Amino acid sequence: VGSAVVGGNTNRTRGNYSIIGGGLSNETCLNVSFVGGGQQNLANGVYATIAGGYLNNTSAYSFIGSGFKNTSSANYTVIGGGTLNTASTACSFIGGGSANKICNGGCNVIVGGKNNTSNDTGVSFLGGGLNNSINSGNSRNVLVGGELNCITGLNSLGTIVGGCANYVGGTSGDCYQFIGGGANNKTPSSYSSIVGGTLNTASAD
């Protein structure tokens, strides 16, 4: 009821009040969904939107702007574009980049970069860079960029600004750890900071 395919080729609307603007082999699966164009995009939930791109797949109440093989498999998520990005927890955001993943918690953000992973329980921020990870199992961590940087170990309120192979970790309850940059620096306990340099360790022990 009330669905429309405006143009294109082999596009298909299923459900009510859905629209496909054009493109090739795009599909809406449930009510009140929209695909603007592109090819083989799948709006697979109510109020799902895909503006364009190729082989993108989004779930209910979610949005994908464009790009290639981006997947939003949880509700209330946004992927702006890029390639091979995956948002699999609710209320998450990936701006773009390539092969970035949000795979736990909710309300986590990855702005861009490549092969970055956020696996926090929620409300953490990863700006970009290459092969960075927030894997603390806690929340409210920030990793701005750099390469091979990691926040792990049930931490919360940890920060890495940049650099290479820097590590914020510890045990459950550790918090307020900071690394500004440099390489191979470590803050394994609470209330510790390293501004930069190489192979430094700041510990309360």
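A polar contact is a pair of N or O atoms within 3.5 Å. The views below are taken from a predicted model.

**View 1. Polar contacts of the N70 side chain.** N70 lies in the loop that connects β9 (63–64) with β10 (71–72). A polar atom of its side chain is placed 2.9 Å from the backbone oxygen of G82. A polar atom of the N70 side chain also lies 3.0 Å from the backbone oxygen of S66. The relative accessible area of N70 is 0%, and the residue is therefore classed as buried. Beyond the residues up to four places away in sequence, N70 touches L55, N56, N57, I64, I79, G81, G82, T83, L84 and N85.

**View 2. Surroundings of L42 in strand β6.** L42 belongs to strand β6, which comprises residues 42–43. Its relative accessibility is 22%, so L42 counts as partly exposed; the buried class requires a value under 20%. When neighbours within four places in sequence are set aside, the contacts of L42 are E27, C29, I50, N56, N57 and T58. For one of these contacts, N56, the C-alpha atom is 6.3 Å from that of L42, although the two residues are 14 apart along the chain.

**View 3. The salt bridge between R14 and E27.** The structure contains one salt bridge. It is formed by R14 and E27, whose closest N and O atoms are 2.8 Å apart. R14 is located in the loop between β2 and β3, and E27 in strand β4 (residues 27–28), so the pair ties together parts separated by 13 residues in sequence. R14 is partly exposed, at 34% relative accessibility. E27 is also among the contacts of L42 shown in View 2.

**View 4. The parallel sheet and the pairing of β14 with β16.** An open sheet is formed by twelve strands in the order β2-β4-β6-β8-β10-β12-β14-β16-β18-β20-β22-β24, with parallel pairing. At its edges stand β2 and β24 (186–187); each has a single partner strand, so one side of each is left without a neighbour in the sheet. Strands of a sheet pair through backbone hydrogen bonds. Within this sheet, β14 (residues 101–102) and β16 (residues 117–118) run parallel and are joined by two bridges. K101 has T117 as its bridge partner in β16.

**View 5. A nonpolar patch on the surface.** V1, Y17, V32, Y47, Y61 and Y76 make up a nonpolar surface patch of about 640 Å². Among them, Y17 is situated in the loop between β2 (12–13) and β3 (19–20). This loop also carries R14, the salt-bridge residue of View 3.

How values were computed:
Residues are numbered from 1 along each chain as its sequence is written. This is a predicted model: local features need pLDDT of at least 70, side-chain atom pairs count only at pLDDT 80 or more; totals for chains, interfaces and linings use all residues. Side-chain values use heavy atoms; hydrogens and water are left out. Patches are made of residues with over 30% relative accessible area and no salt bridge: like charges are joined within 9 Å, nonpolar side chains (Val, Leu, Ile, Met, Phe, Trp, Tyr) within 5 Å. Accessible areas come from the Shrake-Rupley method with a 1.4 Å probe; for residues, only the protein chains shown count as cover. A salt bridge is a side-chain nitrogen of Lys or Arg within 4 Å of a carboxyl oxygen of Asp or Glu. Helices (H or I, at least four residues) and strands (E, at least two) are DSSP runs, numbered from the N terminus. Buried means under 20% relative accessible area, exposed over 50%, partly exposed in between (1.4 Å probe, protein chains only). Contact means heavy atoms within 4.5 Å. A polar contact is a pair of N or O atoms within 3.5 Å; within protein, one must be able to donate a hydrogen and the other to accept it, and residues adjacent in sequence count only if both atoms are side-chain atoms. Two strands pair if DSSP finds at least two bridges between them.
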